[in-house]
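Hi,

Here is the structure I promised to pass on. Have a look first, and my notes follow below.

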Amino acid sequence: MLDCTPKELIKRKGGVINPAKTCQPIGAMYAALGIHNCMPHSHGSQGCCAYHRSHLTRHFREPVMATTSSFTEGASVFGGGGNLKTAIKNVFSIYNPDVMAVHTTCLSETIGDDIPTIIKTAEVPEGKIVIHANTPSYQGSHITGFANMVKGMVAYLAQADTDEKKEQVNIIPGFVNPGDMREIKRLVGKMGVKLIMFPDTSGVLDSPMTGKFHMFPAGGARVDDIRDAGNSRLTIALGDYASSSAAHLLERNCRVPALTLKTPIGIKATDDLLMTLRGKFVREIPYELEEERGQLVDVMTDNHHHFYGKKVAIFGDPDILTGLTEFVLSLGMQPLYVLTGTPSGTLTESGIFEKEIKAMLAAAGLEGRVKAPGDLFELHQWIKNEPVDLLMGNTYGKFIARAEDIPFVRVGFPILDRGVHPYQPIVGYRGAMRLVEMIGNALLDRQDRDAADEDFELVL
């Protein structure tokens, strides 16, 4: 396992050990699955597509459909234009999707294939649509790829064709599970606001077992709805990294005001979402949601003594980390380490993620190590030098948890060794109650395990 990770911290000039991310095309493929009757297409080798499909399938435990340009030596040398044109013809002929969403890979990006020109000169059947996103794996992460594909949806599909904006809101949910998307839609629906969510993988990667195979499940955002997003009064991007770039492109192209909020994890971020809807659309918050909020406050209070002062290390995707950090702080915990593998900042400014997390810690009177991008080798070294009471992150954290004997809560992407998580939200008040249960159970299981016989209590 990781028992031989050295404790001594030595500054590395390059290289990543145990990355805390995966590659852009996986995020682009996941985003494309959030369009109804859409076939994701990997413009590269068969191996790339197979890896991306299998990784998503292992997390969601659902069949993930995607096609590939099937590069061989010839395409690698002379370019993949011919492969993509043939693929477009075959995909529509054989599988008959409404949309084909092309994302690039390292190989096609290195060659320099001009995807927009190839699409324009391809034989696309009438009524069918091909969109694309550039997603080289050697830049960014799966979050970057997700963001780029959602920008592609806006660029190819969104239109502003009404004289006045409609009383509806666009929600770009970010890289979250289908269960989270369902919960966000429920919250907005309870507020009485008409909603267009894209992408939307609910009903696609959490579809019911019917006994029949469906190439394209019933869920996903409809093309007509994504087109109509250009006529909305407001776009809310949930998360800076996965969602905001598409929202601002929609603002530039269709003059739909864009507002970026945190992924609604925990009480404050959920409050911000609901209060924004209340203010922008003049709606009253229904008692049902007030009741849920009150229940969350109650369980946080009832269990506060289990959380207070506990040191926690969190890793994963930046939008999720921002919400989780804010939430564990509200529980009285101390996020000692916060690390993401996704690069932070822009060409002109770096360290945006670090500044945001450190500002949260400073407001709580705390200090901690924050890094973007970082890797799990470094996180493990931090923990060796100053241990924590809890580790939170995706499945890859289990090796650190085992080596250091730390309670572990699985949250984020990917979770490969547990099931049901894609159906259960971590967003909203209900999702926060679930997180309270998960965190509390992990800590109390450890307390029970380590308790002497005379301290092994029935009530804790």
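To start with a small one: in which strand is Thr104 found? Thr104 sits in β3, residues 99-104; helices (H or I, at least four residues) and strands (E, at least two) are DSSP runs numbered from the N terminus. Before I go on, bear in mind that this is a predicted model, where local features need pLDDT of at least 70, side-chain atom pairs count only at pLDDT 80 or more, and totals for chains, interfaces and linings use all residues. Residues are numbered from 1 along each chain as its sequence is written, and side-chain values use heavy atoms, with hydrogens and water left out.

Back to Thr104. Its relative accessible area is 2%, so Thr104 is buried (buried is under 20% relative accessible area, exposed over 50%, partly exposed in between, with a 1.4 Å probe and protein chains only). The Thr104 side chain makes a polar contact of 2.7 Å with the side chain of Glu109. By polar contact I mean a pair of N or O atoms within 3.5 Å; within protein, one must be able to donate a hydrogen and the other to accept it, and residues adjacent in sequence count only if both atoms are side-chain atoms. Setting aside neighbours within four places in sequence, the residues that Thr104 contacts include Pro25, His43, Ile115 and Pro136 (contact is heavy atoms within 4.5 Å).

Now the sheets. One is an open sheet of four strands, ordered β6-β5-β7-β8 with parallel pairing; two strands pair if DSSP finds at least two bridges between them. Its edge strands are β6 (194-197) and β8 (258-261), each pairing on one side only. On average, neighbouring strands here are turned by 25 degrees against each other, direction ignored. Inside the sheet, β5 (166-172) and β7 (232-238) run parallel and are joined by five bridges, and Asn170 stands opposite Thr235 in β7. Helix α11 (267-281) packs on this sheet, touching β5, β7 and β8, and its direction makes about 170 degrees with that of β7. For these angles, axes are lines fitted to C-alpha atoms, for helices over the stretch in contact, and values run from 0 to 180 degrees between N-to-C directions.

Another open sheet has five strands, β11-β10-β9-β12-β13, again with parallel pairing. At its edges are β11 (369-371) and β13 (408-410); each has a single partner strand, so one side of each has no neighbour in the sheet. Here the twist averages 15 degrees from one strand to the next. Six bridges join β9 (311-316) to β10 (334-340), with Phe315 partnered by Leu339 in β10. Helix α15 (352-363) packs on the sheet against β10 and β11, at about 155 degrees to β11, while α18 (428-450) touches β12 (390-393) and β13, at about 155 degrees to β13.

What about the core? The largest nonpolar core has 104 residues, with Phe198, Met392 and Ile439 making the most contacts inside it. A nonpolar core here is a set of buried Ala, Val, Leu, Ile, Met, Phe, Trp, Tyr and Cys residues joined through side-chain atoms within 4.5 Å. Helix α18 gives the most to this core, with eight residues.

Last, the cysteines. The disulfide count is zero, taking a disulfide as a pair of cysteine sulfur atoms within 2.5 Å. For Cys254, the nearest cysteine sulfur is that of Cys38, 19 Å away. Cys254 is buried at 6% relative accessible area, whereas Cys4 counts as exposed at 75%.

Cheers
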